[in-house]
Amino acid sequence: ERLPELLRAMPKAELHMHIEGSLEPELIFAMSQRNGVAIPYASVEELRQAYAFTNLQSFLDIYYAGASVLITQQDFHDMAWAYLQKAKADNVVHAELFFDPQTHTARGVAMQVVIEGLHSACVRAGTELGVDASLILCFLRHLSEEDAFATLEQALPFRDKFIGVGLDSSEVGHPPEKFARVFARCRELGLHLVAHAGEEGPPEYVWTALDLLKVERVDHGVQSSKDPQLMQRLARDRIPLTVCPLSNLKLCVFPSLDQHNIRALLDAGLVVTVNSDDPAYFGGYVNDNFLQTFAATGLTAAQAYTLAANSFEASFADAGQKKRWR
Ligand code: ES4
Ligand code: ZN
């Protein structure tokens, strides 16, 4: 089979993955034991069986429980290093990793432990794997503006160790405008800006992410196809969408992969990319997303090339690096 081999072999950038969502059940159990943190599952198998989701919130409840075993700087390093080795195996040459500091600082884990543990793995990936990796700090949108500002304050001593900020967690009922002032401050600080919008939420949330938060990319954004004017705006301004097909399938955003709208988004001229979101929870890493999506929807080799080129264009790599990729 030539198309699957092309999908596996082609160099690509991964732009939408939550590092806490790469924690495999085996690693959750190992860390639970070495840190003496109890989790309400008796075995790796029992934990994996809990991975049956009906919507975003049903996933987030288990995702935050899994992240509770992360305590030491070594834990954060080991988690990111495990992901970056998988990324290397999938021919990812550039990765931008989301992390959720509030999930950890709320449990008493210091910001320094989180950021330095993750960052050391990113540096190691550059030297040992030739994978260029950087971090994007995400604010949890179900928490307050005040909490987000406090988190930003705690992270600023480590400003050189992350390249941007994002917005994630429960979308419906938490529209982007709650974070307009935090994002304005981050913009002044020269941070890159992204936000989850239009995953489960309406096209309106994509408009406000663009116009009020001034994001450079939209994470998911698949609900945009319900609004023709929004589609025109995304195409005209070449605003990338970081699409995560297996995530959308597992969280029941689409009833099956063959009904995913990725082809319609591509046909409308949008800068679509393919990503894994939470690979340990959604049944696969980035190449699994490519392979299953292409098998289900009949995308072509030309579209594979477009998706890979889009991933580099949409990345926050510097202009010199982008030139070398073209
Ligand atoms: C997430 Cl799939 C998804 N959506 C929103 N927030 C998230 N955090 C981790 N995965
Ligand atoms: Zn996500």
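Reader: Before turning to single residues, what counts as a helix or a strand here?

Author: This is a predicted model, and its elements are numbered from the N terminus. Helices need at least four residues and strands at least two, each being a run assigned by DSSP.

Reader: Where is Glu199 found?

Author: UniProt, in an unreviewed entry, lists Glu199 under "active site". One neighbouring element is strand E5 (192–197) and the other is helix H10 (203–211), and Glu199 is found in the loop between E5 and H10.

Reader: Is Glu199 buried or exposed?

Author: A residue is buried if 20 or more other C-beta atoms lie within 10 Å of its own, and exposed if 12 or fewer do. Because Glu199 has 24 other C-beta atoms within 10 Å, Glu199 is buried.

Reader: Which elements do the buried residues of H10 pack against?

Author: The buried residues of this helix are Tyr205, Val206, Thr208, Ala209 and Leu210. The elements against which the buried residues of H10 pack are E5, strand E6 (217–220) and helix H11 (228–236).

Reader: Which residues is Leu97 in contact with, leaving aside its neighbours within four places in sequence?

Author: Leu97 is, with Ala80, Leu84 and Leu118, one of the residues that touch the most other members of the largest nonpolar core, which has 91 residues. Leaving aside neighbours within four places in sequence, the contacts of Leu97 are Met17, Ile19, Ala80, Leu118, Ala133, Leu135 and Ile136.

Reader: What radius of gyration does the protein chain have?

Author: The protein chain has 16 helices and eight strands. Because a compact globule with 326 residues would have a radius of gyration near 20 Å, the value for the protein chain agrees with that expectation, at 18 Å.

Methods
Residues are numbered from 1 along each chain as its sequence is written. Chains are lettered from A and ligands numbered from 1 in the order in which they are written. This is a predicted model: local features need pLDDT of at least 70, side-chain atom pairs count only at pLDDT 80 or more; totals for chains, interfaces and linings use all residues. UniProt positions are given in the numbering used here, feature names are shortened, and annotations may be inferred rather than shown by experiment. Two residues are in contact if their C-beta atoms, placed from the backbone, lie within 7 Å. A nonpolar core is a set of buried Ala, Val, Leu, Ile, Met, Phe, Trp, Tyr and Cys residues joined through C-beta atoms within 7 Å. The radius of gyration is taken over C-alpha atoms; the globule rule is 2.2 Å times the number of residues to the power 0.38.
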